[in-house]
Amino acid sequence: MAEKSGPSFLRRNGPELFGALSLLAAVLVFEALVRSGIVNRFVIPPPSDIVLAFERVIVEENILGRFRDTAVEMVIAGFAAVGVGVPIGAFLYRSALWRRAMEDWIGALAAAPIVLAFPLFLVLFGRSPKTIIVMGFVHGLAPIILKMVEGLASTRPVLINVGRSLKMTSSQMFWKILFPSALPVIFTGIRLSWTFVLITIVGVEYLINLGGLGQLINELAERYDLPGTYAGICFVVLVSVLFFVILERVESWLQPGR
Amino acid sequence: MAAAGKMSLASGAPAQRDVIVLRLLVALVIFGAWEAVSRSGLFYGEVIPSLTRIWTSLIKLLGDGVFYRNLQVTTFETVVALAIGAGCGIAVGIGLGANRFLMRAFEPYVYYLSPTPRIILFPVMIMWFGVGPSSKIALGALSAFFAIALSTAAGMRQIDPVLIRVGRSFRASLWQMTLKIYLPAMRVPILNGLRLGMGTAIITVLLGETKLSNQGLGYMIMQVYTRFDMPGLYALLIVVFLLAGAVNALIGHFARDGA
């Protein structure tokens with residue numbers, strides 16, 4: 001193993017490099033098409049203008065402050081969903097009757113286009129961050145409940161038998177055996193839930209023109225600041241991707257075997 | 001699993017009758033609480049209207065030709081969006097699933113872009129495709145594309161290699177391989193992708209309509225909201241949620257049948 005030199009960087013990462021270069025080539029092609037007038041620059045601004053607009057958007061549009069607003073809404077809604085969803089999931093696991101009666105309904109809630117009910121939430125909670133947080137919370141609740149139940153139900157029987165042989169109480173059994181064993185699956189639920197929460201929060205911010213990053217894109221688009229709009233969208237996409245990557249890394253760290 | 005089951009299912013699986021009774025009780029409690037809050041005066045009467053008013057609005061809505069015209073527009077936009085998203089998604093998914101090089105080169109982009117909030121691309125779609133149905137169709141197609149492409153790529157990698165070898169031994173062309181081997185073998189993942197894609201396409205088309213449109217169910221929602229017709233808003237949301245759920249269940253049913 002040691003005497004053989006490993007494959008070169010290019011050989012090992014060839015496809016990834018090809019993917020990145022293709023992306024870069026696409027950007028350069030667009031730049032050329034826009035600059036030559038083949039593509040209307042009032043529809044697609046030159047990518048170089050978008051890159052330059054980043055600085056303006058960051059400095060003039062207070063993007064960090066807006067990011068903080070979205071992040072605060074996200075944290076409140078995300079943790080509220082965990083705080084409410086985990087006990088409900090534990091309860092449903094304990095009661096087979098409630099579980100069978102409610103699981104389908106909760107599954108339907110997970111698939112429901114809740115974000116579409118934003119006019120209703122606006123009436124109920126007013127045009128304030130409260131509306132955005134409540135909508136994020138409602139949309140993020142179902143995946144945590146479902147994954148909590150799934151995680152607890154998939155605890156290995158041998159672990160439960162060990163707990164029983166140690167004459168653990170119901171509470172000890174939950175905190176020492178069931179909950180730690182279900183943690184990786186619960187985290188999958190948290191990842192799904194927080195992804196839903198992020199999508200809902202940014203989406204509602206954009207739709208009702210209030211709050212952080214979603215509102216920024218709406219404002220830039222309404223001002224017809226094309227490079228700014230594209231830069232804002234790129235920023236939100238980057239934040240979403242980063243957020244998703246972090247959650248995924250934490251999830252795989254919790255599930256080393258998978 | 002059995003022991004785990006014992007933990008939660010102490011007295012075995014609950015009878016179907018008990019489940020139905022509990023569901024009815026829960027529904028009764030929710031409706032009762034709703035009616036009590038509606039009559040309590042805690043909220044302005046219009047915010048939480050009584051169930052009878054919502055029901056009346058629902059009946060009125062279902063008998064109104066305007067609703068069906070808008071439903072037709074939304075259905076058309078969603079179906080076209082799904083067709084475009086599915087066509088592109090299946091083609092890209094087959095490419096990513098069949099070729100390891102392409103998978104490593106491009107799948108991470110598709111994968112990591114899939115959970116981003118697509119509605120923020122609406123301003124771009126308006127600039128590219130105008131304010132008419134085309135921008136909603138484009139946004140819906142884009143939403144559906146990611147779920148379908150990823151599901152197809154995953155399904156492609158799960159095809160029994162024997163089937164692929166049989167196709168190759170018959171010297172099947174790429175087109176024949178796609179039609180005779182890949183697509184039939186991937187029926188379930190493609191249907192699952194379509195189910196997910198349809199869900200996201202419906203949501204984004206409707207959201208696009210709420211933001212900027214003069215037709216469609218999303219537009220109707222904004223109209224009743226602007227008029228502050230709360231019973232009408234509840235009725236419309238109920239119908240939209242039920243329609244979305246029914247389509248989702250229907251495609252899910254086909255997917256399960258194929259499994």
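A residue counts as buried if 20 or more other C-beta atoms lie within 10 Å of its own, as exposed if 12 or fewer do, and as partly exposed in between, with C-beta atoms placed from the backbone. By that yardstick, 40% of the 259 residues of chain B are buried.

A word on the source: this is a predicted model, where local features need pLDDT of at least 70 and side-chain atom pairs count only at pLDDT 80 or more, while totals for chains, interfaces and linings use all residues. Residues are numbered from 1 along each chain as its sequence is written, and chains are lettered from A in the order in which they are written.

Chain B has 12 helices and zero strands (DSSP runs, H or I of at least four residues for helices, E of at least two for strands, numbered from the N terminus). Its radius of gyration, taken over C-alpha atoms, is 23 Å, well over the 18 Å from the globule rule (2.2 Å times the number of residues to the power 0.38), so chain B is more spread out than a compact globule.

Now for the meeting of the chains: 50 residues of chain B are in contact with 46 of chain A (C-beta atoms, placed from the backbone, within 7 Å). Helix H12 of chain B gives the most to its side, eight residues. Here is that side by class, with Ala, Val, Leu, Ile, Met, Phe, Trp, Tyr, Cys and Pro as nonpolar, Asp, Glu, Lys and Arg as charged, and the others, Gly among them, as polar.

| Class | Chain B side touching chain A |
|---|---|
| Nonpolar | 40 residues |
| Polar | six residues |
| Charged | four residues |

Methods
Contact = placed C-beta atoms within 7 Å.
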